[in-house]
Each structure stands twice: as structure tokens, then as C-alpha cells.
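Dear colleague,

Here is the structure I promised to pass on to you. Please open it beside this email, and then read on for what turned up when it was examined.

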Amino acid sequence: MDLATFWFIVLGVLWTGYFVLEGFDFGVGILLPVLGRKKGAVGAAAVDAEKRRRVLLNTIGPVWDGNEVWVLTAGGATFAAFPHWYATLFSGFYLPLLLILVALILRNLGFEYRHKRGGAEWKSRWDLAIFWGSLVPAFLWGVALTNIVRGVPIDADMEFTGNLFTLLGLVPILGGLTFVALFVTHGAIFVALKTDGPIRSDSRRIAERMGLVTVLLAVVLLLLLGISDGKAASWLTTIVAAVALLGALQANRAGREGLAFLGTAVTIAMAVATYFLMLFPNVMPSSTNPAWSLTVDNASSSEYTLKVMTVVALIFTPLVLVYQAWTYWIFRKRLTVAHIPDDVQPDRPDQPLQRIG
């Protein structure tokens, strides 16, 4: 195996880590208006609804920013290992990627500023920022990756010749909807794993319903992609993804949230593996002329650059993995509304502000 192929695999691992970890973050953010409310909430019920939202946000509070490191690493690795891929991708997908960036910024501002002031209106606005800041990236990542696998118009100079509407075909939109459904299912199971009481039971019920929607969308999407771009290995990972998702839904129904979460994590990992296996040896196929496609060989950096990157990755990757594993272990306890104190008053110096909830 040459270094260019090795770094193609590394990028697949980085994107897998991002979607597995950030996927449940997106799911929790999308579910915030659903799991964070009580019907007809007034008086004490309204207070309880606010505490439910704070429980949801605190499930991802210690980890969401660490999860985002994976996409920064993936983007940086793409730039260093495959500069031609990076240039064509970021120029052709400029607007979708810009929308993803803006949405992530708004979501992160919601996490940081929601608790800075009291008042239902202030918090509801930041809740909307968290919701849309989770939904938009989840959808657009699915659209972008599906477009990459299916191919986009690229000329002989490795330049994208399409426009925004080129990227909005039926299959890419189906890819976006599938990613959203999968992340919502993944996030609901994560909430069930991290909470107890009514929120836990509500999350399991949503995971079961959304899981069935995910199965339907994923089967249609992967069949369409497999028929046109499938290989023996990608069909195998597709089957594993389907089995893992069905197993996750069964484990969720049995109340075994740990196994269910493992199942949805494997589903996402195998889905990303399927995309990369369909793509290889291309990194960005040209729908204009297959001879103009960007490949692992013609889009990669020099051998020396890849060697330096390999040494750096072998040193620092284990450190990052150990740190993240330690973070998840420290914050492994389940949460309930009983753990959430009364609403923080910013003008009271004796009441410390909480970072997320």
C-alpha cells in the first residue's frame, strides 16, 4: 500500500470519527424542541420543560467541542495530503460548506450564550439557533458526500464547472435526508443512554420511530448508489450497516441503550466506509468525463509530505484518542431533571453560571 492510499484510508477514519461523534450532537440539537418540551406547559410544567432542555444540553455539554475537532482535522488532512482534491472540493462546494460553517457557528453560540441571561424569549431564540445549527449541517453533509460519490462536473483542469443547483439532485437530497434521520436516531439513543426517567423513555420511543424511517431511507439510498457505483466490498459494508441498525433498534426496544448506541455507531461507520469504498480509487469523480476524475494518485501531495504527515499522525493521534476517551469516561453518569438546579439568575453573584445547561 502506498502512502496516498494510506491517507485516503486515514481520511475515511477521520470522517467516520466525526460523523459518529458529532452525529449524536446533531441529533440532540435537532431533538431539542421535541424532547425539551411538555405539552401545554404552564407554571411548574413550564419550569420542568426548561429543565428537560437543560438536561439535553448537558448530555453533550462536556464533549461537543471536542467532537468538532474531528472535522477540523479531516479538513486539514485533506488540504495537506490531497491539495487538488481540497481545491476542487472547496471551490465547487463553496456555498454549501459556507452554510455548514455559519450553521455550526450559530449552534456553538447557542451553547455558549443560552445561559447568559434569564428569560424565556432569550433562551428560545438560542434554542432555535441550536436546532437549525444542527439540522442544516446534518442535511448538507449528506448532500455533499452523496454528490462526491455520484460524481460532479469537473473539467480537464480539475475545476468544478457546475453550480449550486447541480448539487441538488434527487439522490443527493435523499442522502441529506438519510443523514438527518440517522443522526436523529443516533442522538435519541445517546440521550436515552445518558438520562433516566421520562426523558429516557421518550428518547427510546423517538429512536424506535425514527429508526424505522432511517431504515427505509438508507435502503433506498444505498441501493441507488450501489447499483451505479457499488463494489463487492461496499455491498458487504452496506449489509453490515443494515444489520447493525436493525440490531440497534432491537436493543433500544429491549432497553439496552449501550448496545443500541454501539449499533448506530457501527451503522454510521459502515455507511461512511461504503461511501469511501464506492469512491476509491477516485477521490472526486468527474461526471463530465471519467478521464478527468481526481484520483488518489493525481490529487495527492508529494511522497515526502505524506511521510512527514504519517510520522506526525502516529505520534499525536493516540494522544487525542486517549484524551477523548478519558472525557467520555469522566462524564459517563446518567442525568435527570433532579440534577438541574433552579434557573440561574445572572445578576446574582452567589449563583454560578453553568456552561451549557
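**Rings, a helix and a loop**

In this model, which is predicted, the charged end of Arg332 sits over the ring of Trp329, at 3.8 Å from the centre of that ring. Aromatic rings also meet one another here, and a search of the whole structure finds 28 aromatic pairs.

One of these is formed by Phe19 and Phe183, whose ring centres are 6.0 Å apart and whose planes lie at 25°, so the pair counts as stacked, the cut-off for stacking being under 30 degrees. The pair links distant parts of the chain, since Phe19 belongs to helix α1 (residues 3–35) and Phe183 to helix α7, with their positions 164 residues apart in sequence. Both Phe19 and Phe183 are buried. They also belong to a cluster, linked by ring pairs, that is made up of Trp15, Tyr18, Phe19, Phe26, Trp141, Phe179, Phe183 and Tyr275.

How are the rings of Trp122 and Trp126 arranged? Their centres are 5.9 Å apart and their planes stand at 70°, so this pair is edge-to-face, for which the angle has to be over 60 degrees. An α-helix has 3.6 residues a turn, so residues three or four places apart point the same way. Trp122 and Trp126 are four residues apart in helix α6 (residues 120–150), and therefore about one helical turn separates them. Trp122 is partly exposed, with a relative accessible area of 23%, whereas Trp126, at 18%, counts as buried because the cut-off for that word is under 20%.

Helix α7, which holds Phe183, covers residues 170–194, and its length can be checked by a short calculation. At 1.5 Å a residue, its 25 residues should span 36 Å, because the expected span uses one less than the number of residues; the C-alpha atoms at its ends are 36 Å apart, which agrees. This helix is mostly covered, with 21 of its 25 residues buried.

Finally, please look at Thr288, which lies in the loop between strands β1 (282–284) and β2 (294–295). Is Thr288 buried, exposed or partly exposed? Its relative accessibility is 46%, so Thr288 counts as partly exposed. Leaving aside residues up to four places away in sequence, Thr288 touches Val152, Pro153, Ile154 and Thr161. Leu56, by contrast, is 232 residues from Thr288 in sequence and 46 Å from it in space, taken from C-alpha to C-alpha.

With best wishes

Key:
Residues are numbered from 1 along each chain as its sequence is written. This is a predicted model: local features need pLDDT of at least 70, side-chain atom pairs count only at pLDDT 80 or more; totals for chains, interfaces and linings use all residues. Side-chain values use heavy atoms; hydrogens and water are left out. Helices (H or I, at least four residues) and strands (E, at least two) are DSSP runs, numbered from the N terminus. Buried means under 20% relative accessible area, exposed over 50%, partly exposed in between (1.4 Å probe, protein chains only). Contact means heavy atoms within 4.5 Å. Rings of Phe, Tyr and Trp (its six-membered ring) pair if their centres lie within 6.5 Å; planes under 30 degrees apart count as stacked, over 60 as edge-to-face and the rest as tilted. A charge sits over a ring if NZ of Lys or CZ of Arg is within 6 Å of the ring centre and within 35 degrees of the ring normal.
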